[in-house]
Amino acid sequence: MRILVTFAVMVLCATGFAQEPDAEIAHHIESIKAIDNHSHVIAADPADKGFDQLRCEMLPDSGIGAASQRYPNPDWMNAIHALYGFTPKDGSDAEMKRVDDARAAEMQHHGDQRWVLDKAGIGTVLANRLDLTPEMKAPRVLWVPYEDALLFPLNNTGEKSVNPDRKALFEMAEHLQTHYLELAGLKKLPPTLDQYVKQVLVPTLERQRKGGAVALKFEAAYLRALDFEPVLPYQAQQVYAKHVNGSIAQPADYKLLQDYLFKQIALEAGKLGMAVHIHTGSGCGAFFNDPGADAVLLSPMLNDPDLRKTNFVLLHGNWTQERKVIGLILKPNVYVDTSLIEYFLTPREYAEILKSWLEQMPERVLFGTDASPGGPGQNWPETTLWGAAKFRRSLAIALTEMVREGSIDKQRAKEIADLVLRENAAKLYAVK
């Protein structure tokens, strides 16, 4: 009995000790000016809608919200206090309006995003946006545009019929597709696939690169499964030529064209020095296809010798199948991004995920928040502070665990923190 009691006390002490990070490691993490790999930065203009290509608020409401994001939430409350100097007390509609009004006033007063980044300890943020507004300037804000519209040039009637979410999502993608055609000086699709690639696809990427883009993004998991595979050019050419007139392609045939175009975009991105960001893991909407968003489905592209000069970033760590990432980041051109997960898990739970990645390849892990508009009282400024603070606590716990286990020492823990919060991204995107 005494042995059992002693063992139980040891377990409880170890568990309690593991909840608190080492003070020296935590202090170092707090001191790092981070690079946020993934964020939906909003403009000072309250009417701004350019923060995303496929916007979740446009989908039919499922009526269900994650419990971790409902009031009361201490991370959100702390962010409100840090930004606006008051702490919500009851989460009422009146308080949400007070938060929204305070945000609008601060955005108008400052005129740009630097005040939010400074409070969050972020030096540079990668903004996932349709375009950058005039106040979004390098080196604090870097651009990541969207490319999904280029994958679906044909009649998408069949794709829209899959479910209500797909209908809304494809309508948004088609709107961007029309915009890209207009920027290319075209009113309709070119007659051949080769012309589409040369007159639309390549010029779009080149224009984005000249506009300051350091990476490009796919949200394809919202529109189809991520099982992109190598396709012979003639196969894709035949599909395009047969259906460029507006007729509806069979799903298997249309997939051939999409797969071919994905590789062409990835190849061009590598030539231009832009990384390819891909949404992996769970997503919003009542009809999201989780199995189709598994990062492992990308293996044919990640293993393609032609694409080894293209760097891929697996956004959101493939959550909730995050352990599958461990093998993928061992590849020389594959990175994992930490964004989104912090909003749903406790620091301890999040730390366990981070630790599994850091034990294998810390040089391929990138800090990100996925900060974005999320309804009343939750917008980009609040979620930026919320996500950054939660991540730093989780990272400190993960590194403390590694030190206590003896796999690294404190100096190496600090080095890994530097890598994850800044240096890996600085190298990948050539941020000075």
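This is a short talk on a helix crossing, some aromatic pairs and a few unusual backbone spots in one protein model.

Hi everyone, and thanks for having me. Please keep in mind that this is a predicted model.

Let's start with two helices. Helix α2 covers residues 23-31, and helix α15 covers residues 380-405. How do their axes cross? They come within 9 Å, at roughly 140°. An angle over 145 would count as roughly antiparallel, and α2 and α15 are therefore oblique to each other. The crossing is right-handed. If you want to find the contact on the screen, look on the α2 side for I25, A26, I29 and E30. On the α15 side, pick out R392, L395, A396, L399, T400 and V403. What kinds of residues are these? In this contact, 7 are nonpolar, 1 is polar and 2 are charged.

Now for the aromatic rings. When we talk about a pair of aromatic rings, we give the distance of the centres and the angle of the planes. How many aromatic pairs does a search of the whole structure find? The count is 11, and I'll show you two of them.

The pair to begin with is F218 with F262, whose ring centres are 4.8 Å apart. Their planes make an angle of 45°, and the pair is tilted. Why does this pair tie together separate parts of the sequence? F218 sits in strand β4, residues 215-218, while F262 belongs to helix α11, residues 251-272, so the pair joins parts that are 44 residues apart in sequence. Are these two residues buried or exposed? Both F218 and F262 are buried.

Next comes W319 with F344. Here the centres are 5.2 Å apart and the planes differ by 25°, which makes a stacked pair. This pair, too, links distant parts of the chain, 25 residues apart. W319 is in the loop between β6 (312-315) and α13 (325-328), and F344 is in the loop between β7 (334-337) and α14 (347-358). How do the two partners sit with respect to the surface? Buried means under 20% relative accessible area, so W319, at 15%, counts as buried. F344 has 25%, so F344 is partly exposed.

There is also an aromatic cluster to look for, made of F152, F170 and Y254.

Let's finish with the backbone. Most peptide bonds are trans, and most residues other than glycine have a negative phi. That is the background for the next few spots.

Which peptide bond involving P139 is cis? The bond from A138 to P139 is, with omega near 5°. P139 lies in the loop between β2 (122-128) and β3 (141-144). Remember W319 from the stacked pair? A cis peptide bond joins W319 to T320, and omega there is about 20°. T320 is in the loop between β6 and α13.

Then there is phi. D370 is a residue other than glycine with a positive phi, near 60°. You'll find D370 in the loop between β8 (365-366) and α15, so our helix from the opening comes up again here. With 12% relative accessibility, D370 counts as buried.

A430 also has a positive phi, near 55°. A430 is located in the segment after α16 (410-428). Is A430 buried or exposed? Its relative accessible area is 63%, so A430 is exposed.

That's my tour. Thanks for listening, and I'm happy to go back to any of these spots with you.

Key. Residues numbered from 1 in each chain as written. Predicted model: local features only at pLDDT ≥ 70, side-chain atom pairs only at ≥ 80, totals over all residues. Heavy atoms only, no water. Axes fitted to C-alpha atoms, helices over the stretch in contact; angles between N-to-C directions. Helix = DSSP H or I, 4+ residues; strand = E, 2+ residues; numbered from the N terminus. Parallel < 35°, antiparallel > 145°, perpendicular 65-115°, else oblique. Left-handed = near helix turned anticlockwise from the far one by under 90°. Contact = heavy atoms within 4.5 Å. Nonpolar A, V, L, I, M, F, W, Y, C, P; charged D, E, K, R; others polar. Phe/Tyr/Trp six-rings, centres within 6.5 Å; stacked < 30°, edge-to-face > 60°. Buried < 20%, exposed > 50% of the residue type's maximum accessible area, 1.4 Å probe, protein only.
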